[in-house]
Amino acid sequence: MHIVIIGNGIAGVSTARFLRKGSDARITIISAESPYHVARTALMYAYMGDLRPSDLKPYEDDFWPKNRLDLIQDTVTHVDIEAGAINLLAGGRMHYDILVLATGSRPNRFGWKGEYAHGVQGLYSMQDLTSMEVATEGIQSAAVIGGGLIGIEMAEMLRVRRIDVHLLVREQAYMDYLFSADESELIHQEIRRHGVQLHLGTELDAIETDSEDRAVAVHTTSGERLATRFVGLAVGVHPNVDLARQSGIETGKGILITNTFETSAPGVYAVGDCAEFREPLAHGRRIEQLWYSGRRQGRTLGRLLAGGTDAYSAPLFFNSAKFFDLEYHTYGDVPPHETDEVVCRQWKAGRHLIRTAAERSTGRILGVNGLGVRLRQEVAASMIRRGQDAAITPARLKTLLFEPEFFQADTTQIAEALSS
Amino acid sequence: MTTTHRSISLVDGPLIDVTINRIVAALLVVAALLSVVAALQIWPFKPTTSIALAALLVFSAATLWVSKNSAWHPTRFHHKGAAILTGLGLVGMLVSIAGAGIAWPMLMFWLGIGATTAGTTWMIAARYTDGAHGLDNHGTMTNPVTNRGASGWMLGIVMTGFYVLIYWYPAALEGLTKTTDPLSWLMRGKAADHWFMYSLVYSLAVVVMGVRALYKYRHVRYQTIRTWSVMLVQLLLAFILPSILVLFQQPEFYFSYFWPLKWTYLWPGDYGIGWILADGGRTGVFMIFWGAMMSFVATPILTYFYGKRWYCSWVCGCGAMAETLGDPYRHLAPRSTDSWRLERWMIHGVLVIIILATALLWINSATEGALFGGFSGAVAKTYGFIFGSIWAGVIGVGFYPFLGTRIWCRFGCPMAAILGLQQRFFSRFRITTNGAQCISCGNCSAYCEMGIDVRWYAQRGQNIVRASCVGCGICSTVCPRGVLKLENGPTEGRLNGPVLIDRDEVDLIDLPEYR
Ligand SMILES: Cc1cc2nc3c(=O)[nH]c(=O)nc-3n(C[C@H](O)[C@H](O)[C@H](O)COP(=O)(O)OP(=O)(O)OC[C@H]3O[C@@H](n4cnc5c(N)ncnc54)[C@H](O)[C@@H]3O)c2cc1C
Ligand code: SF4
Ligand code: SF4
């Protein structure tokens with residue numbers, strides 16, 4: 001039995017790890033990007049000098065031979081479904097009994113003028129990190145397009161190198177489809193405090209280039225021209241379906257899969273960022289593009305391939321991020337503002353904020369956001385799962401907070417704000 | 001109903017102000033005490049010197065106060081000025097060593113150690129005052145000073161060289177030692193020896209770099225309080241108090257070190273408790289009693305409740321140095337599984353040696369020399385040479401820029417071995433992992449000074465319970481996703497942690513308190 005996994009991201013590697021726990025099959029992991037699995041979540045720390053490139057590897061190099069996971073760095077150019085084999089760019093063909101596609105995502109580009117010029121790029125892979133290193137060498141100003149999580153990371157990276165940054169955000173307030181006005185405002189303050197020029201409600205129109213096809217300025221939809229030598233594109237990602245599509249595997253936005261990760265081709269599975277569930281999961285999502293979901297999907301698939309039977313189910317939603325120095329935790333569903341069905345309660349002090357959402361009719365807690373405050377996942381999750389009353393007592397608040405010891409907070413006042 | 005704004009005393013920006021207020025207050029108190037001492041003429045040194053010192057402290061307090069209250073934005077003048085002053089100080093120290101220190105001790109003290117202290121403090125203030133109030137490890141891995149570049153190597157060689165001279169060729173440092181003479185007379189009523197000079201330099205390093213740690217980690221209260229603790233313990237219990245004891249002709253006893261780290265405190269004979277009893281009389285008896293109580297009663301109790309950290313990163317002088325001067329070097333700790341294996345062999349090996357040595361020396365003493373005869377002194381000397389000098393000093397501190405900060409603590413310290421064994425098997429301390437929030441970024445592992453692969457546990461949703469963890473809390477501080485929390489809690493369920501991503505799912509967990 002030979003199981004071949006294409007992609008050594010978190011989804012592919014989790015599949016391999018959990019498969020190995022329950023199976024003796026031969027496992028090969030192929031990836032074009034890097035010889036070893038790296039945490040792309042930490043790309044920014046390598047650029048900022050917080051981490052060495054080697055720190056990005058979550059496992060020591062001898063982890064792979066110890067677990068008999070064969071690693072190959074190469075690009076897979078074609079899947080021959082009939083023959084059960086793949087072609088490699090370096091030449092050669094490899095037979096598989098089971099194939100797992102864990103090909104991840106690609107950064108979006110929307111057909112802007114100049115979007116392929118020198119100095120214009122997204123941030124997704126190790127190669128992007130290298131090219132960003134080269135493109136930003138000695139420059140004075142840069143623009144980052146996109147008011148999402150990666151956009152703000154790119155802005156921070158550039159600021160650490162003391163490069164002037166224009167951050168273009170389409171929305172009127174940062175991620176206003178997720179955050180309340182107060183929450184967005186905290187993030188705006190944080191962005192500006194770090195010297196970034198924040199352009200809200202502004203989109204990219206075109207990128208101006210010089211005769212050598214180097215970016216020299218961006219033009220915004222509001223008619224402004226901003227001189228920049230580097231343009232970071234952080235306007236979302238899309239599933240990387242190229243290989244699947246040209247090999248005749250059924251795709252939509254992503255590679256279409258069942259809740260046991262089967263694609264339209266027999267013996268071929270897809271997992272992680274690249275996959276799209278045929279039936280929407282809880283909360284209506286079809287594509288999950290997170291580190292956490294990649295890990296969870298990979299674990300489920302690994303167990304299935306090792307003979308397990310449990311299909312995939314989405315967890316209670318959770319996520320976290322960091323906006324410069326402002327940490328963000330979220331659990332469950334917290335809408336940006338109150339609706340007919342949902343009431344919100346909020347406590348805010350300086351750069352610290354907690355907001356809960358509750359069902360209006362029953363008072364059940366639906367979700368909780370923390371900005372500048374660390375929250376304990378198991379407490380938040382179990383409150384939501386149990387449908388507990390959203391009112392938060394000081395005692396419960398103490399278990400909910402995950403701040404380091406000696407954190408000074410008046411729990412009575414916070415609890416009061418979150419209960420009235 | 002939805003929005004409630006309240007201002008609550010959460011830790012925030014103003015923290016550094018509070019910190020400075022406290023420093024100012026402390027300086028003024030010491031100045032007042034010195035004035036009283038001068039007025040009553042109870043100090044065996046000229047009152048004018050006390051007054052001069054008090055004036056200096058008042059001046060420093062005033063400078064701090066003014067710099068805090070006027071919006072201070074360090075300009076290039078400050079960065080440059082601080083660098084020049086530091087450079088002058090270093091040159092001053094070299095010139096002192098070359099002989100000037102013997103000719104003009106007081107002058108060279110200020111031009112050497114004094115200027116270096118002032119310059120580095122100024123440099124730190126200029127570097128961090130304007131900084132954002134958040135974690136800043138940027139450039140640590142690319143800066144040659146902190147990442148084994150040419151300047152890092154040079155620094156390491158100088159530091160190692162200093163240790164070699166102090167231990168084996170103290171006469172070479174005579175000039176520098178002499179510059180601390182006036183202070184030694186003031187504090188101890190006798191001339192300085194090289195150990196006094198070393199103690200002073202050590203304490204100043206902890207204090208100055210402690211100020212750096214206070215600035216750098218000002219947004220995390222655990223770190224500020226812990227840094228205050230190591231700074232004050234070093235300054236008061238490991239420098240000022242021993243000096244005062246000497247002044248009053250008592251044994252130079254360190255209340256912050258215990259057996260087996262300070263092995264002689266429970267060894268028989270002249271190199272052990274003998275001299276303490278001989279010099280100290282009844283105070284000596286109390287000292288021995290204190291040491292024994294700390295080793296055998298307080299240590300197990302405190303370690304049970306708080307883990308190893310109560311000592312290693314809150315009290316211990318070696319820890320104080322690692323957490324302050326060593327902070328820029330914590331990422332250099334060897335991190336492979338092999339180094340972990342080596343660590344366990346070595347540290348427990350040293351523990352066995354020290355227990356055997358202690359036991360044999362007592363037997364020898366009880367049987368009046370039947371075991372070693374007069375050789376027990378040689379045993380003590382050999383141990384002191386290998387472990388006290390070479391390992392704890394030369395490699396332990398001198399090698400910071402090469403191997404990170406806790407080489408002694410990890411591979412050699414018998415105290416750490418005992419505390420570690422207890423922490424692993426019988427303690428309420430653990431680092432809790434916050435469910436499945438880890439993104440495997442590796443900041444925690446990179447900055448763990450004990451070379452623990454924290455990420456290995458965190459990414460599996462497993463609690464971290466490791467013998468070597470000194471509870472510095474840096475892994476928690478550097479984590480960008482709020483995944484780690486140092487906690488004391490029930491011993492039940494401590495090892496596995498409440499959540500095992502590998503085995504179970506976060507949101508299906510039944511929390512006892514929510515049942
Ligand atoms: C900068 C950045 C920060 C992020 N931060 C967070 C965060 O904080 N939290 C969070 O939850 N998520 C974060 N994400 C998202 C998260 O990293 C992704 O969801 C996750 O990495 C996807 O994992 P994957 O295994 O599905 O795919 P990927 O990690 O993309 O792995 C796919 C791999 O397959 C390889 N591959 C593709 N096609 C071929 C082929 N034909 N032949 C050979 N190899 C091929 C690619 O080279 C790649 O190495 C971040 C993403 C980025 C880019
Ligand atoms: S595990 Fe964390 S608290 Fe323990 S020594 Fe390492 S960094 Fe410090
Ligand atoms: S620093 Fe935090 S998120 Fe990063 S690997 Fe460690 S625990 Fe995980």
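This is a short talk about a predicted model with protein chains A and B and three bound ligands.

Hi everyone, thanks for coming. Please keep in mind throughout that what you see is a predicted model. I'll go from the chains to the ligands, and then to a few single residues.

Let's begin with chain B. It has 21 helices and 3 strands. Of its 515 residues, 55% are buried. If you take the contacts in chain B with a separation of 6 or more, 76% of them join residues 24 or more positions apart. As for the surface, chain B exposes about 21600 Å², and 72% of that comes from carbon and sulfur atoms.

Now to chain A, where the domain assignment gives three pieces. Domain 1 is built from two stretches, 2-106 and 237-305, while domain 2 covers 120-233 and domain 3 covers 318-419. Between the C-alpha centres of domain 1 and domain 3 of chain A there are 35 Å.

With those domains in mind, where does ligand 1 sit? Ligand 1 lies between chains A and B. There is a second "between" inside chain A: domain 1 and domain 2 of chain A both give residues to the shell around ligand 1, so the ligand lies between these domains as well.

Who are the neighbours? The shell around ligand 1 holds 32 residues, and the nearest are Glu33(A), Val76(A), Tyr124(A), Asp273(A) and Arg481(B). By class, that shell has 14 nonpolar, 12 polar and 6 charged residues. If you want to follow this on the fold, look at helix H1 (10-22), helix H5 (149-160) and helix H8 (291-305) of chain A, each of which supplies at least two residues of the shell.

Let me point out three polar atom pairs at ligand 1. Arg40(A) brings a polar side-chain atom to 2.8 Å from an oxygen atom of the ligand. Ala11(A) places a backbone N or O atom 2.9 Å from an oxygen atom of ligand 1. At Ala32(A), a polar backbone atom is 3.1 Å from a nitrogen atom of the ligand. And how much of ligand 1 does the protein bury? Taken alone, ligand 1 exposes 1000 Å², and 92% of that is buried by the protein.

Let's move to the other two ligands. Ligand 3 is surrounded by 13 residues, the closest being Cys438(B), Cys441(B), Gly442(B), Cys444(B) and Cys479(B). Helix H19 (443-447) and helix H20 (454-458) of chain B are the elements that give two or more residues to this shell. Its make-up is 9 nonpolar, 3 polar and 1 charged residues.

Around ligand 2 we find, among others, Cys448(B), Cys469(B), Cys472(B) and Cys475(B). Ile431(B), Met450(B), Ile452(B) and Val454(B) are also in that group. The class count here is 9 nonpolar and 2 polar residues, with no charged ones.

Now for the single residues. Ser440(B) sits in the loop between strand S2 (429-433) and H19 of chain B. Phi of Ser440(B) is near 55 degrees, which is a positive value in a residue other than glycine. Is Ser440(B) buried or exposed? With a relative accessibility of 3%, Ser440(B) counts as buried.

Chain A has a positive phi to show as well: for Arg68(A), phi is near 50 degrees. Arg68(A) is in the loop between helix H3 (63-66) and strand S3 (69-73) of chain A. At 44% relative accessibility, Arg68(A) counts as partly exposed.

Back in chain B, a cis peptide bond joins Trp259(B) and Pro260(B), with omega at about 5 degrees. You'll find Pro260(B) in the loop between helix H9 (221-247) and helix H10 (270-280).

Next, Ala467(B), in the loop between H20 and helix H21 (474-478) of chain B. Its relative accessible area is 24%; the cut-off for buried is under 20%, so Ala467(B) is partly exposed. Ala467(B) and Gln422(B) are 45 residues apart in sequence, yet their C-alpha atoms are 7.7 Å apart. Leaving out residues up to four places away in sequence, Ala467(B) touches Lys308(B), Gly420(B), Gln423(B) and Arg424(B).

My last stop is Thr86(B), in helix H3 (residues 76-103) of chain B. Thr86(B) is buried, at 9% relative accessibility. Beyond its sequence neighbours up to four places away, Thr86(B) touches Ala115(B), Thr116(B), Gly119(B), Thr120(B) and Met123(B).

That's my tour. Thanks for listening!

How values were computed
Residues numbered from 1 in each chain as written. Chains lettered and ligands numbered in written order. Predicted model: local features only at pLDDT ≥ 70, side-chain atom pairs only at ≥ 80, totals over all residues. Heavy atoms only, no water. Helix = DSSP H or I, 4+ residues; strand = E, 2+ residues; numbered from the N terminus. Buried < 20%, exposed > 50% of the residue type's maximum accessible area, 1.4 Å probe, protein only. Contact = heavy atoms within 4.5 Å. Areas by Shrake-Rupley, 256 points an atom, 1.4 Å probe, with all protein chains shown as cover. Domains from an automatic or database assignment. Near = heavy atom within 4 Å. Polar contact = N/O pair within 3.5 Å; in protein donor to acceptor, adjacent residues only side chain to side chain. Nonpolar A, V, L, I, M, F, W, Y, C, P; charged D, E, K, R; others polar.
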